[in-house]
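Reader: I would like to learn how to read a structure like this one, feature by feature. Please take me through it slowly, giving the general idea before the particular case.

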Amino acid sequence: MIVDIVRSVLEKLDAQGLVEHDDWDEQLMAQMASLELSYRELRDRQRDLIDYSQLSTQAAYFYRYVIGHADFIYQILTKARAEAGAPLFDEEEIFVTSVGGGPASELLGLIKYLREAEGEPEVSKITYTVIDKERHWEHVVDLVVEAVDVGIEIDMIFQACDLSADAISEEVSLEHEDIVIMSYFISEICTIPSHRQIVTNLNNLLSAMPGGALLLYNDSSAWSFHSFFDSRVSAARRFVVVADIREDLRTAHPQSEGVFADINFRTDYGFKLSSNAVAKVLRRD
Ligand SMILES: C[S@@+](CC[C@H](N)C(=O)[O-])C[C@H]1O[C@@H](n2cnc3c(N)ncnc32)[C@H](O)[C@@H]1O
C-alpha cells in the first residue's frame, strides 16, 4: 500500500518536473546529493537550513525517503501496540497532527497500521494536520491524499508555520489530537540558532495536548536529538512511556520498476530504507 501510493505520487511529480524543467534529471541528482549531505550535517550549528521549496527537492525527498519513513511509523505503532497490550485508539474518527510533517509520510504508515492492527477500531475518518514551515509541501500532500484509496475519509489541513518564529498563530494547536507525530523533525531544529523560540513553542504546544493523546517521536539516534525531545516532554509534563525503541529499523526494498527504475537509472540514487533509530511512543496522563 505504501509503495503503491509513493509510486503514484512520484509519477506525477516526475512528469511535472520533466515538463517544467529541461535539466530535471540534473536537478534531481543535485538535490539527492544535497539532501544526503545536509542530513549528515544536522548537528553542525553553522550549517545552512535545508530548503525544501523546489519541486526537484520535494521529488528527490519523496523518492528517496518516504517509503522508509512511512514504514518506520507503521513498525513503531505496531511495537507500541504490542507493548501497550491494548489498542492504541478508541474512536472511529481520529485527529492526527504531524509536526514537521513535510509530504505527510506519516499518514501512510498510520493507515497501514490501522488496516493491519488487531483490535483497533474501524477508523472511518482521519482529520490530519501537517504543520510545516515549507508551504510548498502542500501540493505534494494534496497528491498523497488523492492517492490514498483505502475507504478512510481524509480531511487534510496544511498549516504553514515556522516553529522557530517568535510567535505562532493561535490556530496552530495540539489541543484536540489523538496522536501527534514528530518524525525526522527534531533533528532539523534542535541545533538551529533560533533554538530558544523552538523550545518555547514546542513546550507550549505539547503542554496543551489532551489526556489520553499519544505522542510519537522518531529520528536518527544522535543523543542531541532525543535528549532535546525528552526535555520538551519533561517541560510539558504528564507523559508516560508506552514504548521506547532503540534499534535499526529497516523495510523491504520495493520492486524496481516503472518510475522507481526510471529515476534510479537517471540519477543513480536508490531508496534510503534503514535507520539507526531512537523512537518513542508516549501517552499523556
Ligand atoms: C526530514 S523532513 C521530515 C518530513 C516527514 N516528517 C518525514 O518523516 O518524511 C523535516 C521537515 O521539517 C520541516 N521543518 C524544518 N524546520 C522547521 C521549522 N522551524 N518549523 C516547522 N517545520 C520545520 C521541514 O520543512 C521538513 O518538511
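Reader: How do the residues of the shell around the ligand divide into nonpolar, polar and charged?

Author: The classes follow a convention, in which Ala, Val, Leu, Ile, Met, Phe, Trp, Tyr, Cys and Pro count as nonpolar, Asp, Glu, Lys and Arg as charged, and the others, Gly among them, as polar. With these classes, the shell consists of eight nonpolar, eight polar and six charged residues. Please keep in mind that this is a predicted model, in which local features need pLDDT of at least 70 and side-chain atom pairs count only at pLDDT 80 or more, while totals for chains, interfaces and linings use all residues. Residue numbers start from 1 along each chain as its sequence is written.

Reader: How many residues surround the ligand, and which are the closest?

Author: A residue is near a molecule if its C-beta atom, placed from the backbone, lies within 6 Å of it. Here 22 residues surround the ligand, and the closest are Gly100, Gly102, Ser105, Lys133 and Leu163.

Reader: Which helices supply at least two residues of that shell?

Author: Helices (H or I, at least four residues) and strands (E, at least two) are DSSP runs, numbered from the N terminus. The helices α3, α4 and α6 (186-189) each give at least two residues to the shell, and α3, with three residues, has the largest share.

Reader: Now the sheet: in what order do its strands lie?

Author: Two strands count as paired if DSSP finds at least two bridges between them. Following the pairs across, one reads an open sheet of seven strands with mixed pairing, in the order β3-β2-β1-β4-β5-β7-β6. At its edges are β3 (153-160) and β6 (239-250), each of which pairs on one side only. On average, neighbouring strands of this sheet are turned by 15° against each other, direction ignored, where axes are lines fitted to C-alpha atoms, for helices over the stretch in contact, and angles run from 0 to 180 degrees between N-to-C directions.

Reader: How many bridges join β6 to β7, and are these strands parallel or antiparallel?

Author: Eleven bridges join β6 to β7 (residues 274-284), and the two strands run antiparallel. To follow one bridge by eye, start at Leu249, whose partner in β7 is Ser275.

Reader: Which helices pack on the sheet?

Author: Packing is judged from contacts, and two residues are in contact if their C-beta atoms, placed from the backbone, lie within 7 Å. Helix α3 (residues 55-84) packs on the sheet and touches β4 (179-183), β5 (214-220), β6 and β7, with its direction at about 130° to that of β6. Helix α4 (residues 105-116) also packs on the sheet, where it touches β1 (93-99), β2 (125-132) and β4, and its direction makes about 125° with that of β4.

Reader: And how do β1 and β2 run, parallel or antiparallel?

Author: They run parallel and are joined by seven bridges; in one of them, Val99 has Ile131 of β2 as its partner.

Reader: Which residues of helix α9 are buried?

Author: A residue is buried if 20 or more other C-beta atoms lie within 10 Å of its own, exposed if 12 or fewer, and partly exposed in between, with C-beta atoms placed from the backbone. In α9 (residues 258-267), the buried residues are Phe260, Ile263 and Thr267. Seen down the helix axis, they fall within an arc of 75°, so they line one face of α9; the arc is that of the directions from the helix axis to the C-beta atoms. Their cover includes α1 (2-20), α2 (24-40) and α3, whereas Gly258, Ala261 and Phe265, on the other side of α9, are exposed. Just after the helix, Asp268 takes a positive phi of about 70°.

Reader: Where does Tyr184 lie, and is Tyr184 buried or exposed?

Author: Tyr184 belongs to the loop between β4 and α6, and Tyr184 is buried because 22 other C-beta atoms lie within 10 Å. Its phi is near 55°, a positive value in a residue other than glycine. Arg237, in the loop between α8 (223-236) and β6, also has a positive phi, near 65°, but Arg237 is exposed, with 11 other C-beta atoms within 10 Å.
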